[in-house]
Every structure is written in structure tokens, then in C-alpha cells.
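Visitor: I should like to take a close look at a single part of this structure, namely its internal space. Please treat the matter in one connected account.

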Amino acid sequence: MHPAVDPDIDAASSSAPGGLVKSVVALDRVVIRLAGDSGDGMQLTGGRFTSETASFGNDLSTLPNFPAEIRAPTGTLPGVSSFQLHFADHDIMTPGDAPDVLVVMNPAALKANLVDLPGGGLLIADSDEFTPRNLAKVGYASNPLEDGSLEKWQLVSVPLTSMTTDALADSGLGKKEAERSKNMFTLGLLSWMYHRPTEGTIRFLERQFRRKPQIAAANIAAFRAGFNYGETTEAFAVSYEVKPAPMAPGKYRHISGNQALSYGLVAAGQRSGLPVFLGAYPITPASDILHELSKHKAYGVRTFQAEDEIAGIGAALGASFGGALGVTTTSGPGVALKAETIGLAVMTELPLLIIDVQRGGPSTGLPTKTEQSDLLQALYGRNGEAPVPVIAPRSPGDCFDATLEAARIALTYRTPVILLSDGYLANGAEPWSIPAADELPDLRTEFATEPNGEDGEFLPYLRDPETLARPWAVPGTAGLQHRIGGLEKADKTGNISYDPANHDFMTRTRQAKVDGIAASIPATEVDDPNGDARVAVIGWGSTYGPIGAACRRIRASGRSIAQVHLRHLNPLPADLGEILARYDRVVCPEMNLGQLAMVLRAKYLVDVHSHTQVRGLPFRAAELAAVFQDVIDGTTGTVATLDTGSDTPAQTGAAL
């Protein structure tokens, strides 16, 4: 009972209590989606299943999807929350295009998610919640669990709610309190179905509810009851095994993008020897960085929850002026509010990290959905000529390395740096190899300690000839008094200057400093295995996984395609123009309306084929593969058939 089962695979057998013989089927990959009301604990359930999957050693990728409303009306479509997990015995790149297994806790979850479940997929539904009242809330005229409308799927109706309350009959909890544990019953059932470890979840529940032992005991009892139900019921005659994925030796943990960003900031402080100061105003989906960093005071991290976005960045820039690594975190609306202070950081030439975890816009837009629509704002969204380096991580784990790179640029070149993450990276998770501290880049920087002028005076804008960075003088250093502020500075002295020639010179110098960062950027990696591709796909940020998965499909069909993925968006890599010129066509998928494509066309005069979506969700690999094939066929004048319905191309075993 599973859409991914190969009928030719031999299944092992095991005996359950009562003599029931159950088969164990080996799979190479599975995509599971849990969906329910926003109060049903789907994110917690998915997170625990992910943790146990990571500890088991599978490669994995997740896609949490939750409503923007703090508490939408129970049982309604706006209140549906879901969590998708793709895990495999080999390297994967995305959370999967569609689930193999869909677990729904009510009719609203079914209606919102059934369209994504392929025919033949396994559908597990909490039959207790399919009441006439709940059905009417989402427009079902009859019960789909009983009217035959779900016959194209493998439907298993399970009374999850009532079985949970039965299991907790002696717990001392009331009915409503007991029902809240049904997500743990569901987790226990799935843990049995896919042979997930259970000890970690039990320890988690004991720790999570250590001050409420009755609640801890109830959740553990529900978890065990779900596991035992899978073992003993005839509704599930088969369980599934996905073996661990081969990985390089090392210590791993599963990590989300926001966690990785937080740890990257802590590491940047340690490797630079500077205190880290975060000035932030809570905003979805960046708030978790503030929450995480607040736990790390022992590492010289100070967090300040400001009264608004402007105060947050103002405090961070002040901390940089005082000799700290100043950081501010936000999303698109907050970047707009911070624009004037970013310009002040450009003028004062102080290191500052602005982390923008992008979400759907404009205005309040889609607070909990992902998008890449802040690129042009990051590049140009300030008054005057105010160049700022911009970099973007490509995966949750890569957020750690991208943060260190942002810190390197900010400290070396004395400039604000914008790091563009997004909601998909921030909330998604993957296995992460924990690096050794001594392998991280050396970010130590030197403060000015003595006058640097020929006449014994301090010249705050006398620049390093290689980086064009000005000296960083901590306030209070004897003999290094200097003027600072937003008015134009005179070359070298930093005095206020309205001289036209000086303004022209300083404007061009600030631009040259940012342009010069390209000399420190490694050569661009081009994934072109055969070296004969005529079409290249270029992307940035979180499109890396879907683009890479689509390219695997193209290559599995016997075609050639190249992939280029950018971390540095300003300045662009020095070799990028030459690379793009090698190919007949360049395709640029983005979760916006073509912002990078426009930049590439303007800078390199390349006819970039822009493929865009702004649905609040990441690209699907099958969709991109079809687009890429069309471009290849248009370039070569031939047509080939590509099967985009399988997540794992049979020819190579590569997965998405």
C-alpha cells in the first residue's frame, strides 16, 4: 500500500502480536505530507519525524507551510497548516514535487492538499473529524471518505482522535486536552510505518514538558499507542524501510536556514574576535534568528528587540561604530523602512549585516510564504548612489557559510552587506555537516590605534590601497577623534564637503570599493558534466535545489544542460560574462517577475529566457524540467521525450 513500491522488490516479513504477518518493503525515497488545522501540531509532528529521520542517517529536505493568521477559524481552509518531508537513501535536492503519502486531520486539510497527491497515492484521514459540521465548513455536500470520490487513491480511514482519547482514558486529562495528543498518535503510527527511531521523541517529550509531567506522560502514551496500532492493525499490512544515505564522515545534525544563519553569526563573532550585536524588530519569517541568538550571550552575542525596524538598524549601526559586528534582521517590508539607515552605513563606511528573509509582497503580502522579490530593492532601493554588496545562500545549511562570507566582506571592505535568504530556506531543513571551528575563515580585523596622517593627524577616510576600506577607529581612542554622519565626506579628512568634484570622486570611490570585491570572489562553478551543453540555467538563492533536480532529469533523458548558481549578486563574479557567452541560450528561473534576468540582460547584453512564478511556493522540478527541455528543443531544432512524472529518473537513480 504505497505508490512508490516497486512490485518486483522482494519484501521481508515480520510477525506482529497475534500472529499477523507484516511485510517490510524497501524504498529508496519517500515524500510525506502532514496536513491539519493550525492547532493540530503538524509543524511539531513534522519536526520530530524530521529529527528522527536525520538521526537515522537519511538525506532529507523539508517544506513547512503554515497560515499567516495567528489562529484562523478551526476547520477552515485559511487555517490549514502542512509539513512536507522528503527523505531518501541517496542525495536529494528538494522537498519533492508531490507527496507519496498524505495524512489529513480534517476535511479542510483534505480539500486544500488532495490536488497535490498523485493517483494511487496513500491517503490517511482522521475519520473522526469528518463530521457534518466540519464538512459543511469547506463545502463538502457528502463525506468523501464514504461517497466513493476518493477511489483513485489508497484511502485508509483511521479514527485518530477517538483512539487517542481511548489510549489516554486513564491519564486524568479531560477530553479536549487528550485530543491535543492526536498528533503524537499520528507520529507514532508513521514512526512504525517507516521504521523511525523512537527514543529521541520520547526524550524530547520528557524534556519539553518537564514541568508538566502529566502532559508529558500523555503525549508519550499517545505516541506509543500510535506505534502499537501500526504494529497490530490489519489496516496497514506493510511497513517501509528507507536505508541511510551514504555521507562523508563527520558529525551531522538537521538544521533550518534560520538556525544556520544564527550559528553563522555566532561563528563570525568568534572568528573575528568581535562582539555581535543584533538590533531587530520581530517580523515573519526572520524572528527565529532573534530568538536563537538570544540564547548565546556566552559567546559575546547581545540581542536588542527594538520598538520598530528603524530603531533596530540604528542600534546595530551604532554598535558597529562602537567596534562590534552590527547585525539587523528583517523581511522585505522592514528593508524598506531601513533604507535610509543603510544609506547612512554606506556614507559612514562601517561594517553592517542586513539579513532579509524574503517573503511574498508587496506590503504585508504573504507573510508566511516564500518569494525572491527583494533583489532589486537590495541592489537599488536607496536614495542616491549607494552601492551595497548582496549575497544569497542556496540551501538551509548554506546559510551558515553565506553568513560568514557576508561578515568577511563587511569587515574587510568596511561596508554594509545585504544577505538575501527567504521563507523556504528559513523554515526548511536538511542534514548539515558541523564544521570544525579551526576550519572556518579567519575574520580578524584591526582597529586604528594611532594617527595615520603625515602631519600626525588622523585621516578617517585615508583608504587601504587594495580594498579601498577606510580605517575603523573605535570611539574614545586617544588622538583619533573624527567627524561622522550622513553628510558627504571630504576625501581623507572626513570633513563635511559640498564640493562638486569631491562628491563625484567619493561617489565613484564607494562604487569602486564594492566593484573591487569581485577580485576576492572564487571562480564561478559551472555544472556541465559533459562540457557540450548549449543551454545554461542560471539561478540564485533557494532555486538551487529545484533547478539542480530539473537538470538531473534532463541529463537522465540523455540531453546536456549546464547549471550556474550565483551566491554573489553584487558585485557579480568577474568571470560571469565570459561564462554566459559560451551558451546559445540562458534560462533564469526566479520566484519573482524576472529581476535577476533584467540585471543580466542589462549588464551582459545576453538574451536571457526568464521563467518566473510568484505562488508563495518553491518551483517544482518537473515543471522546470519541461521548461528546460522546451528551450533545448528550440535551440537544437529537435524534439525529445522527457518523463517528468517520476521523482527519480530510472536511468541513473538520481533523485530530486
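How much space lies in the largest cavity? Which residues line the largest cavity nearest its centre?

Guide: The model is a predicted one. The largest cavity encloses about 100 Å³ of space, and the structure holds four cavities of 30 Å³ or more. Thirteen is the number of residues that line the largest cavity, and those lying nearest its centre are P64, T368, K369, T370 and Y424. Two secondary-structure elements each supply at least two residues of this lining: the strand β4, spanning 59-65, and the helix α15, spanning 423-427. In chemical character, the lining of the largest cavity divides into six nonpolar residues, six polar residues and one charged residue.

The cysteines may be considered next. There are zero disulfides in the structure. C551 takes part in no disulfide, and the nearest cysteine sulfur to its own belongs to C588, 13 Å away. Why is C588 not bonded to the closest cysteine sulfur? A disulfide requires two cysteine sulfur atoms within 2.5 Å; the sulfur of C588 lies 13 Å from the closest one, in C551, and is therefore too far for a bond. As to solvent exposure, C551 has a relative accessibility of 0% and so counts as buried. C588 is likewise buried, its relative accessible area being 0%.

Conventions:
Residues are numbered from 1 along each chain as its sequence is written. This is a predicted model: local features need pLDDT of at least 70, side-chain atom pairs count only at pLDDT 80 or more; totals for chains, interfaces and linings use all residues. Side-chain values use heavy atoms; hydrogens and water are left out. On a 1 Å grid over the protein atoms alone, a cavity is a set of points where a 1.4 Å probe fits but cannot get out, and a pocket is an open set with protein on both sides within 12 Å along at least five of seven lines; lining residues have an atom within 4 Å of a point. Grid points are joined across faces, edges and corners, and a volume is the space filled by probe spheres set on the points. Helices (H or I, at least four residues) and strands (E, at least two) are DSSP runs, numbered from the N terminus. Ala, Val, Leu, Ile, Met, Phe, Trp, Tyr, Cys and Pro count as nonpolar, Asp, Glu, Lys and Arg as charged, and the others, Gly among them, as polar. Buried means under 20% relative accessible area, exposed over 50%, partly exposed in between (1.4 Å probe, protein chains only).
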